[in-house]
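I sat down with this one and kept a few notes as I went. Here is the model I had open on the screen.

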Amino acid sequence: MSGQAPLDSFSTGTLAGAGCFRCGTCGFAVALHERDEVPACPHCGGEDFRRSSIFGELEMREPSGNADVESPDWLSEARQAVEREGDYLAFDDDDGGLRVMALGEGWTRIGRSLAADIRFDDPTVSRRHAMLHRAEGVARVLDDRSLNGVFVNGERVDLQRLSDGDELTIGRFRLYFLSLTETAVHGAGLGLPSALA
């Protein structure tokens, strides 16, 4: 039949079933459950997807210009609101809520799974997307076999030591690593607003 798309091609809004799909324009991957509709590509806005292997026949292009993107306005407020020295992740949870999460020693899991410590229920985030490890004052992020990769300041990484102010890209989400000394915390002199609790 002429004019029909191949069976493995899907358009935005299609109920395509569970599995991995990649944007035909940029290669950005989304992982869908049975009843998820194929979304518009969060990376480029494309509307055509193909079913994909988890190993991927297309590599996603690096997020363009991420290293040059300015930090959001709320980041300096979040930094000033922290009352204790330590390491934190600050991010917009997509429900209009700003979150600042203190990082303890050991592992912090980031992903779509219900078992994740930081959970994003979004098709651009893999079930097990990334792990952050903190020990002896050093924090590192590890790509946990994700579809779309983990980016630090716009560069794709497998394992990367983090520094204060680093931007992590997980799917379509941007998280900021804050490492605050006692001097920086007491110098701010602000309490933690309820929106950041």
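Entry 1, a strand and its partners. I looked up β10 and found three bridges joining β10 to strand β13 (residues 159–161), the two running antiparallel. Two strands count as paired if DSSP finds at least two bridges between them. Helices (H or I, at least four residues) and strands (E, at least two) are DSSP runs, numbered from the N terminus. Across this pairing, Leu142 sits opposite Leu159 in β13.

I then checked strand β9 (residues 130–135), which pairs with β10 (residues 138–143) over six bridges, in the antiparallel sense. Here Leu132 faces Val141 of β10. Two residues lie between β9 and β10 in this hairpin, and Glu136 in the turn shows a positive phi of about 50°.

Entry 2, how far to trust it. I reminded myself that this is a predicted model, in which local features need pLDDT of at least 70, side-chain atom pairs count only at pLDDT 80 or more, and totals for chains, interfaces and linings use all residues. Residues are numbered from 1 along each chain as its sequence is written, and side-chain values use heavy atoms, with hydrogens and water left out.

The pLDDT, the predictor's confidence in each residue from 0 to 100, averages 78 for the protein, with 72% of residues at 70 or more. Which elements have the lowest and the highest mean pLDDT? I found helix α2 (residues 182–188) at the bottom with 60, and strand β7 (residues 106–111) at the top with 96. Residues 1–7 fall below 50, and beyond near neighbours in sequence I found one contact for this stretch (contact: heavy atoms within 4.5 Å). Residues 55–67 also stay under 50, yet the model gives them 31 contacts beyond four places in sequence.

Entry 3, a helix and what it packs on. I turned to helix α1 (residues 74–81), where Trp74, Leu75, Ala78 and Ala81 are buried (under 20% relative accessible area; exposed is over 50%, partly exposed in between, with a 1.4 Å probe and protein chains only). Viewed down the axis of α1, the buried residues fall within an arc of 125°, so they line one face of the helix; the arc is that of the directions from the helix axis to the C-beta atoms. These buried residues pack against β5 (86–92), β6 (98–102) and β15 (173–180).

Entry 4, the whole chain. I counted two helices and 15 strands in the protein. Of its 197 residues, 43% are buried.
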